[in-house]
Amino acid sequence: MDRATTRKWRPATQAVRAGTWRSEHGETSEALFLTSGYTYDDAQTVADRFAGEAEGMTYSRLQNPTVAMLEERIAVMEGAGACRAQASGMAAMTAALLCQLSAGDHCIAARAAFGSCRWLVDNLLPRFGIETSVIDSADDAAWEAAIRPNTKVFFFETPANPTLDVVDLQHVCDLARAHGITTVVDNAFASPALQRPMEFGADVVAYSATKLMDGQGRVLAGAVCGSEDWINDTLLPFQRNTGPNLAPFNAWVVMKGLETLSMRAHQQSRNAVALGEFLEPRILKAGGEMRHPGLPSHPRHELALRQMDATGPIFAFDVGTRERAFALLDALELIDLSNNIGDSRTLMCHPASTTHAGLTEEDRAEMGVSEGLLRINVGLEDVEDLREDLDRAMAAAGI
Ligand SMILES: *Cc1c(COP(=O)(O)O)cnc(C)c1O
């Protein structure tokens, strides 16, 4: 189906059908092309393809039919001109930043971020002469205050991992546009089913597709979306020559995940609100803190509802100490102790000792990753069973 048609479809149709290219066999489900190379009928065809004068595949580091189907489907769902799949979420973030930043440039990044994203900003970029500043991304004025004449990129997550800080997309994207700065949004916590940052003016949206897009804990995958020109002129020269490509099998798995993404993301969001409402009084009574964008107690609850279709499966809460947090985790029977998110199973982890263990204690404190903080990814189980499990585990932890 041509692009002009798939882009006019409504989201549910796009998720199931956009980017499907059937082979001569007319297969129902997308074909899995496990091939690294391609053969050609004659030498002129090869020459034309290498010169970019003829359509067609030449080598799977440059194009692969299964990967291309996934890329087209994500681009359509995101409302982006184009998308390129990556081997993992971190491959996507690395490519999105390194493809456009050079020595002497400045990048402003959100303080609250996935641990490896902070590592890129704090360690990798400075090694190549790229200046970086980290700011409180929920403080609207902090963005403008940090701009320098050489600021080229804004890099942030919303909601952020694991503190659930919410960034005002319209405000930050408008500010970037006014200063000629490129916004790179890590949209892993929402997925295009719940939030499409380009509707607010974001330039580049990067994904860990490992999370909600696969959603069933099977493969690592990533994606970078942008305008057709930005992907072709800025991302592709980097990607084609450095090779962070997604394997066709993993692309196929993610494509199957996209078919059910919207249903999963919305149901998991509903379950997360129900569980948050159950936990909040008990956590507050014990002197703890809730961080849930779907609850009115979140400082940016209204903003989250304005820019997201639903607030997502992930939230966090603070139980005061590491001992209590570990006691709660160890008493769980149904919920798994696991650091993945976006999965259809309910998973919990202690960020300070896992996803954010690589940061300094000082950085963790500044970001709000406290010793008593627990993160939960709410899955598709019956909420009653989850409530009973948490009820028992909290009692065991003295909460
Ligand atoms: C998981 C995650 C990543 C990294 O993705 P991988 O697929 O694990 O490499 C990046 N950003 C955020 C917000 C994440 O949650």
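**Note on the predicted model: helix start, ligand shell, ring cluster and unusual backbone**

1. At the start of helix α3, which spans residues 43-50, a side-chain oxygen of D42 comes to within 3.2 Å of the backbone nitrogen of Q44. At the other end, α3 is followed by G52, a residue whose phi is positive, near 75°. This and everything that follows should be read with the reminder that the model is a predicted one.

2. The ligand is surrounded by 15 residues, and the closest of these are G89, D186, S208, T210 and K211. By residue type, the shell around the ligand divides into seven nonpolar, five polar and three charged residues. Three polar contacts can be followed in the structure. A polar backbone atom of M90 is 2.8 Å from an oxygen atom of the ligand, a polar side-chain atom of N161 lies 3.4 Å from an oxygen atom of the ligand, and a polar side-chain atom of D186 lies 2.6 Å from a nitrogen atom of the ligand. On its own the ligand has 370 Å² of accessible area, and the protein covers 92% of that. The elements that give two or more residues to the shell are α5, residues 89-98, and α9, residues 210-214.

3. K211, named above among the closest residues to the ligand, also has a place beside an aromatic ring: K211 lies over the face of F114, at 4.9 Å from the ring centre. F114 can in turn be related to a distant part of the sequence, since P351 and F114 are 237 residues apart along the chain, while their C-alpha atoms are 9.7 Å apart in space.

4. P351 is found in the loop between β11, residues 347-349, and α15, residues 361-367, and with a relative accessible area of 0% P351 is buried. H356 has its place in the loop between β11 and α15 as well, and H356 likewise counts as buried at 0% relative accessibility. The side chain of H356 reaches the backbone oxygen of N161 at 3.4 Å. N161 therefore takes part in two contacts, one from its backbone oxygen to the side chain of H356 and one from a polar side-chain atom to an oxygen atom of the ligand.

5. The loop between β4 and α8, the latter covering residues 169-178, holds P159, and P162 has its place in the loop between β4 and α8 too. Each of these prolines follows a cis peptide bond: the bond from T158 to P159 is cis, with omega near -10°, and the bond that joins N161 and P162 is cis, with omega about 0°. As background, most peptide bonds are trans, and most residues other than glycine have a negative phi.

6. Two residues other than glycine deserve a look for their phi values. L164, whose phi is near 60° and thus positive, is placed in the loop between β4 and α8, and L164 is buried, with a relative accessible area of 0%. S191, whose phi is near 70° and also positive, is found in the loop between β5, residues 182-186, and β6, residues 204-208, and S191 is buried, with a relative accessible area of 2%.

7. The structure holds three aromatic pairs. In one of them the rings of W143 and F154 have their centres 4.8 Å apart and their planes at 50°, so this pair is tilted. W143 lies in helix α7, residues 140-146, and F154 in strand β4, residues 151-157, so the pair ties together parts that are eleven residues apart in sequence. Both partners are shielded in the calculation, as W143 is buried with a relative accessible area of 0% and F154 counts as buried at 0% relative accessibility.

8. W143 also forms an aromatic pair with F156, and this one is edge-to-face, with 5.3 Å from centre to centre and 70° between the planes. Here again the pair links distant parts of the chain, with W143 in helix α7 and F156 in strand β4, 13 residues apart, and both W143 and F156 are buried. Taken together, ring pairs link W143, F154 and F156 into a cluster.

Key: Residues numbered from 1 in each chain as written. Predicted model: local features only at pLDDT ≥ 70, side-chain atom pairs only at ≥ 80, totals over all residues. Heavy atoms only, no water. Phe/Tyr/Trp six-rings, centres within 6.5 Å; stacked < 30°, edge-to-face > 60°. Helix = DSSP H or I, 4+ residues; strand = E, 2+ residues; numbered from the N terminus. Buried < 20%, exposed > 50% of the residue type's maximum accessible area, 1.4 Å probe, protein only. Lys NZ or Arg CZ within 6 Å of the ring centre and 35° of its normal. Near = heavy atom within 4 Å. Polar contact = N/O pair within 3.5 Å; in protein donor to acceptor, adjacent residues only side chain to side chain. Areas by Shrake-Rupley, 256 points an atom, 1.4 Å probe, with all protein chains shown as cover. Nonpolar A, V, L, I, M, F, W, Y, C, P; charged D, E, K, R; others polar.
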